[in-house]
Each structure stands twice: as structure tokens, then as C-alpha cells.
Amino acid sequence: MSGSLRRYLDPLRELTLARFREQLRQPEVLFWVFAFPVLLALALGLAFRNRPAETIHVAVESGPGAEALLDDLQATGGFAASVVSPEVAQEELRTGQVALVVVPGDSLVYRFDPTRSDSRLARLATDNALQRAEGREDVRVTRDRLVTQRGARYIDFLIPGLLGLNLMSTGMWGCGYSVVDARRRKLMKRLLASPMRRSQYLLSFISARLILLLPEVVVLLGFAAAVFGVPVRGSVLSLGVVALLGAMCFAGMGLLTASRAQTAEAVSGLMNLVMLPMWVLSGVFFSSSRFPAAMQPFIRALPLTALNDALRGVMIEGASLGALAVPLAICALWGGASFALALRVFRWH
Amino acid sequence: MSSAPPAIRCRSLAKRYKDVIAVDGIDLDVPSGECFGLLGPNGAGKTTTVEMIEGLVAPDGGEVEVLGLCWERDAIALRERMGVALQETRLAERLKVVEVIRLFRSFYSEGHDVEEILDVVELGEKRDAWVEKLSGGQRQRLAIACALVGNPDILFLDEPTTGLDPQSRRQLWDVIEQFKSRGGTVVLTTHYMEEAERLCEHVAVMDHGKVIALGSPRELIASLGADHVIEFALGDGAPSLPESVLAALPGVEAVRHDGPRYTLTAAEPHCVIPALMVELERRGVAMTELLTHQASLEDLFLSLTGRHLRDT
Ligand SMILES: Nc1ncnc2c1ncn2[C@@H]1O[C@H](COP(=O)(O)OP(=O)(O)OP(=O)(O)O)[C@@H](O)[C@H]1O
Ligand SMILES: [Mg+2]
């Protein structure tokens with residue numbers, strides 16, 4: 001028994017090693033797997049870093065009482081205000097240089113676009129400042145305590161999403177592209193003329209994926225921890241299980257996508273067709289809850305959405321695996337079904 | 001070894017692709033321990049035939065038996081015992097030569113030592129080179145190394161020497177002869193007549209999916225009736241010579257002509273040529289070219305189909 005098991009595992013090991021070596025020997029693969037996600041994290045982390053509390057830009061239309069309003073605002077602090085002619089004020093509001101225009105008079109008029117959130121904020125802050133300057137008393141005593149929390153910043157949201165995205169692309173391209181390449185070169189045909197089993201061939205894609213998974217996760221999360229201080233709240237083991245399941249899921253989907261394709265062009269097209277919707281919908285760069293409620297059941301059912309939810313659950317909320325049963329089940333289902341279907345429809349020649 | 005079952009037995013083997021009949025019902029028997037050649041021009045159906053025998057292409061009709069086994073029942077046992085080099089396989093480009101051979105070795109339960117095979121195909125020097133850095137001849141030798149490493153009983157080589165220089169070709173012939181000398185059976189497809197004549201005990205000449213001649217190279221050439229070929233051409237505007245006149249020359253077995261070019265088959269060219277010169281002189285036509293060579297399978301193909309094997 002152990003002899004026949006070894007007879008099965010020997011070719012599997014050699015095939016896995018061959019796949020792994022081939023990948024490591026291609027600089028472009030190394031770039032896409034390791035460097036690209038890190039560069040993307042760096043760029044987005046810098047662009048969306050938390051800024052100090054922003055100044056509110058306000059224009060005061062010239063007229064009787066305008067200077068007094070300006071003094072009140074400047075005395076309060078936090079405002080960048082100036083007195084300008086009505087035409088200029090209108091222009092500045094339209095181009096977004098100011099968030100609000102104050103028109104002096106017996107009753108003050110605030111001119112702003114209610115669909116701009118910065119304008120709504122400016123409206124509240126300006127009104128508050130002016131009312132207080134005229135003597136309004138607060139009814140209740142309040143105090144502010146300012147915190148900026150690790151784990152609640154954009155970068156903390158982004159990194160698990162990028163990790164999910166990376167697991168998807170490496171899984172899909174890594175498996176899918178090499179299948180088509182082997183088919184095109186007739187390498188697959190040559191292998192089939194040997195006593196190699198078909199299952200050994202397909203499993204070698206999965207096992208080669210596993211070897212690459214660890215460095216892939218460690219590089220991105222290590223970078224995020226070192227540069228942006230992104231924490232992993234949950235256990236490393238849970239994170240490992242989630243990443244593993246995600247990698248398997250997309251390896252299966254990659255094999256399925258490539259199961260019939262004969263040319264690099266055909267498989268690239270299919271890959272993009274499968275992956276692009278998930279790039280946008282699955283909450284990589286922004287929360288998928290922004291899409292209309294009617295789309296939510298569909299979005300929830302996508303494998304990348306499930307993987308991202310599970311990764312964020314572990315990294316941000318420190319959730320246990322049990323709490324993530326639903327997204328994990330969705331991933332497992334996609335992976336298992338894809339792999340099973342790929343086995344049935346696979347074109348070996 | 002004459003009592004051994006044939007290494008390969010095919011009956012009415014057929015394959016069609018949409019409206020192309022690639023292989024049109026062929027029968028083959030390859031005795032164990034010999035080298036069998038499949039010859040024919042491009043598209044004759046050689047590769048399709050070989051791949052059906054290798055179990056890589058499903059036949060539309062007919063039977064195949066290899067080493068007394070058949071593909072429906074004994075696929076795994078059969079693959080253990082055969083070595084294959086396909087026409088044009090590009091093996092993994094970024095693996096080292098030794099890694100590729102080791103990979104193929106791992107598929108077989110018994111086989112040769114990897115280093116030993118490297119020596120057999122003389123790739124020892126290139127042991128650690130990436131496949132993508134190999135020359136055409138080195139790639140072919142690597143393909144043969146992969147075919148040999150499982151210590152097969154039967155070796156299939158589909159155009160192993162196409163595109164190689166004479167020296168690389170001879171190196172490959174040595175490897176094949178070594179394999180044969182240990183009792184192995186070889187099936188070889190080729191465009192090169194001299195290759196078939198040198199390596200093969202029997203050849204089948206294929207055209208349009210059919211076997212149009214079958215026998216040992218010597219028998220086939222002998223079937224031309226004579227073993228020398230005289231080719232000559234007449235100057236432009238010369239009146240054409242009636243074939244009957246040429247056929248009447250002493251010792252001429254067959255005559256064919258294509259415009260101003262004539263081909264005679266004869267047993268003794270030294271008798272034919274003087275008589276030919278006299279005849280041309282008498283008719284006042286000048287000869288612009290004269291060639292003689294030993295009859296080959298190329299001439300056989302030409303006489304069977306009126307076409308050349310290779311368009312050169
Ligand atoms: N997969 C295929 N699909 C469609 N037609 C095919 C296929 N394979 C072969 N053919 C056709 O079958 C015929 C025989 O092809 P085959 O490859 O067997 O020829 P061959 O003798 O090996 O030629 P060559 O010397 O060029 O290798 C050709 O007309 C070819 O176009
Ligand atoms: Mg061919």
C-alpha cells in the first residue's frame with residue numbers, strides 16, 4: 001500500500017516541482033505575484049492616508065454685514081473664508097473651490113449643493129459658528145475625545161481586499177494560463193502518452209499553488225504591517241485557513257476557465273470575463289455595500305466577495321472560523337464545483 | 001524472436017477529420033525487435049496513424065494491438081512499455097534538461113538512471129541548461145531521452161530528424177540503432193529516404209491516408225525492376241523524344257518524362273548511356289543535363305505517384 005502510494009506521489013512531487021520552478025524562473029510572474037500587490041498597496045495607502053482635520057472653504061458674498069460674518073468665522077478657526085462678489089462666489093462654488101456660499105442679510109442664506117457631503121458638513125459647521133458668535137448658548141455640556149484607530153483606516157480595509165484580489169489573480173492565471181500553454185505546445189499530449197495519471201497532472205497545479213501561497217501572503221501582509229501598521233486581529237491559523245481555501249477556490253476556477261481553451265487569447269478573454277466583475281463588485285477597493293440592495297444577493301454569492309469578507313473578518317474583527325462559516329462555505333462550494341466540472345469537460349488534446 | 005507476437009498489429013485503421021480522410025483503412029504488422037518506417041509526403045497521414053497506435057487519437061474504425069495489448073483494456077500497462085517522441089513537442093522552456101528527464105522518469109515504475117540517459121543522447125554537457133537555450137538537434141535528443149528513460153519495449157519517433165544537420169542526424173541514428181540492438185522495436189516516420197533505407201527493416205509508403213507500398217527497402221527498390229536511375233534534360237525547343245524509342249534502348253526498364261526532363265530506370269547505366277548518346281546524335285538534339293544515381297525509395301515514390309516525396 002505504501003509502495004503504491006509512493007508510486008502515486010513521486011510523479012505528483014516532480015510535476016509540482018516542475019511547475020514551481022517554471023514560475024520562479026519567470027521574472028514577470030514574480031512581479032505580478034509579489035511586487036504588484038505591494039506597489040498597489042503602497043500607492044493606495046499613500047493616496048488615501050488619513051489627513052489632519054480639513055479646513056472648510058467658504059465664500060461670503062459682498063454686501064452689508066459681510067465683513068462682520070467674515071470676522072466671526074475667522075475667530076472660530078477651522079475656516080478658510082473670504083468676501084467676494086456674488087459672481088465670483090457662484091463660480092467658486094461651481095468649481096468646488098468652496099463648499100458653501102454665505103449670503104449676508106437679515107436672514108442668512110446658505111447656498112450649497114446638498115448632494116456634496118463636504119457642502120453639507122460646511123453648512124452645519126458654518127451655521128454653528130455664526131449662531132454661537134451671535135450669542136447662542138448650548139443647552140447641554142459636551143466634550144470631544146479625539147482618537148484615530150488602527151484597524152479603522154482605509155488601508156486596514158484595503159489590505160485584506162488586495163490580498164483576496166491577489167489570491168484570485170495568481171490562482172486563476174497560474175493554473176489557467178499554464179494549462180493552455182501546455183496544451184498549445186502539445187506538452188500535455190506528450191505527458192498523456194506516458195503512464196502519468198490525469199489526476200496527478202491536475203493536482204500538481206493545486207499543490208504548486210500551495211507552495212507559492214505562503215510567501216505570497218507573508219510578503220503582502222508583512223509589508224502592510226511594517227509600512228502602514230496594518231494589524232491582524234484574529235489568529236494566524238484562521239488567516240491561513242481562509243487564505244488556503246481562497247487559493248484552492250480560485251485554482252479550481254482557473255482550471256475550469258482553461259478547461260477547453262486552445263489559445264492564449266481565448267483564455268485571457270475568458271479570465272478577464274470571470275475576474276473583471278469581481279474586481280469591481282467584490283469590495284476590493286471600496287465596500288460592496290455601496291451597490292444597490294437589489295444586487296446584494298448576487299454580489300454576496302461571488303467567491304471574491306466571500307473571500308474578502310472572510311479575510312476582513314479575521315484581520316479587522318478578529319473573527320473565529322466558526323463566525324465565518326457562510327463566506328467560507330461559499331468559497332468551498334465555488335472551488336469544489338469548478339474543480340469537479342473542470343475534470344469532466346477538460347480537453348486533454 | 002520469430003515466434004514472438006507482432007509488436008504492432010493494425011486492421012482497417014481509419015480516421016477522418018470533418019471532410020478530410022486522414023487515414024483510410026490501413027493494415028500494418030510490425031514484427032517485434034525491428035525498425036519499421038512510415039514514409040510519405042506532408043499530409044499523407046503518418047502522424048495520425050502513429051498517434052492512433054500510441055493511443056493518443058481515437059480511431060473512427062479498425063483495431064490496434066500493441067505488444068499484444070489493446071487500448072481499451074490495458075492503457076496503463078501499455079504506456080509503461082512505450083516511449084514516444086511526438087512530431088514537434090515543445091517541452092517546458094524554463095526547466096533544465098536534467099529536470100525534464102527526471103520528471104519523465106518519475107512516471108515509470110521501472111526505467112533508466114537519468115544520468116545514464118543523458119550520456120546515451122550525449123546531452124551530458126547540457127545537463128543544467130534551460131530547455132529554451134537548446135538547439136533544434138539538442139531538443140530532439142532531449143525528446144528522445146524522455147522517450148527512452150522509461151526503458152520502453154517499443155519506441156515511436158515521429159520525424160525525429162526533420163530539420164537537423166547531417167551530423168545531428170547521424171547522432172540520432174546511433175541512438176536508435178543502440179536501442180534496436182537491445183531488442184527494442186521502433187516505429188519511425190520520416191521524409192528522408194536514406195534514413196529509412198539505413199534504419200528500417202520494413203517500410204510502408206503512405207499517400208492520401210493509404211499504404212501504397214509495403215516491404216523492405218531493398219524489395220521495394222527492386223520492384224522498380226532496376227537499381228539505377230538516369231535522369232537527363234534536353235535543351236529548350238528540342239523536339240520531344242517518343243517514350244517508345246527510349247524504352248527500346250538496351251537495358252532500359254522504365255521511362256517517364258515530364259516536359260524536357262526524362263527519367264530512365266536501368267540495371268546497367270554504362271550500357272544505356274552510350275546508346276542514348278548515339279540516339280540523340282542521330283536525331284540532332286542536344287542534352288543539357290545528365291545525372292545517374294542508385295535507385296532509392298524516392299524513385300519508388302515518384303514511380304508510384306508521379307510526385308516527389310519532398311518539395312524541394
Ligand atoms: N486535428 C486535426 N484536425 C483536422 N485535420 C487534421 C488534424 N490532424 C490531421 N489532420 C489532417 O489529416 C491529414 C493527415 O495529417 P497527418 O498529420 O497525419 O499527416 P503527416 O503524414 O503526419 O504529415 P507531415 O509529414 O506533414 O507531418 C492532413 O490532411 C491533415 O490536415
Ligand atoms: Mg506528421
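Student: How many nonpolar, polar and charged residues does the shell around ligand 1 have?

Tutor: Sorting by class, you get five nonpolar, seven polar and two charged residues. Keep in mind that this is a predicted model.

Student: Okay, and which residues come nearest to ligand 1?

Tutor: There are 14 residues around ligand 1, and the nearest are B:Asn42, B:Gly43, B:Lys46, B:Thr47 and B:Thr48.

Student: How do I read a polar contact, and which side chains should I look at?

Tutor: Look for a pair of N or O atoms within 3.5 Å. Now try B:Thr47: an N or O atom in its side chain is 2.6 Å from an oxygen atom of ligand 1. For B:Lys46, a polar side-chain atom sits 2.7 Å from an oxygen atom of the ligand. With B:Asn42, the distance from a polar side-chain atom to an oxygen atom of ligand 1 is 2.8 Å.

Student: What share of ligand 1 does the protein cover?

Tutor: Take the accessible area of the ligand on its own, 640 Å², and the protein covers 63% of it.

Student: Which elements give two or more residues to the shell?

Tutor: In chain B, those are β2 (20-30) and α1 (46-53). The largest share comes from α1(B), with three residues.

Student: Zooming out, how is chain B divided?

Tutor: Into domain 1, covering 8-221, and domain 2, covering 225-294. Compare their C-alpha centres and you'll find them 40 Å apart.

Methods:
Residues are numbered from 1 along each chain as its sequence is written. Chains are lettered from A and ligands numbered from 1 in the order in which they are written. This is a predicted model: local features need pLDDT of at least 70, side-chain atom pairs count only at pLDDT 80 or more; totals for chains, interfaces and linings use all residues. Side-chain values use heavy atoms; hydrogens and water are left out. A residue is near a molecule or strand if one of its heavy atoms lies within 4 Å of it. A polar contact is a pair of N or O atoms within 3.5 Å; within protein, one must be able to donate a hydrogen and the other to accept it, and residues adjacent in sequence count only if both atoms are side-chain atoms. Accessible areas come from the Shrake-Rupley method with a 1.4 Å probe; for residues, only the protein chains shown count as cover. Helices (H or I, at least four residues) and strands (E, at least two) are DSSP runs, numbered from the N terminus. Ala, Val, Leu, Ile, Met, Phe, Trp, Tyr, Cys and Pro count as nonpolar, Asp, Glu, Lys and Arg as charged, and the others, Gly among them, as polar. Domain bounds come from an automatic or database domain assignment.
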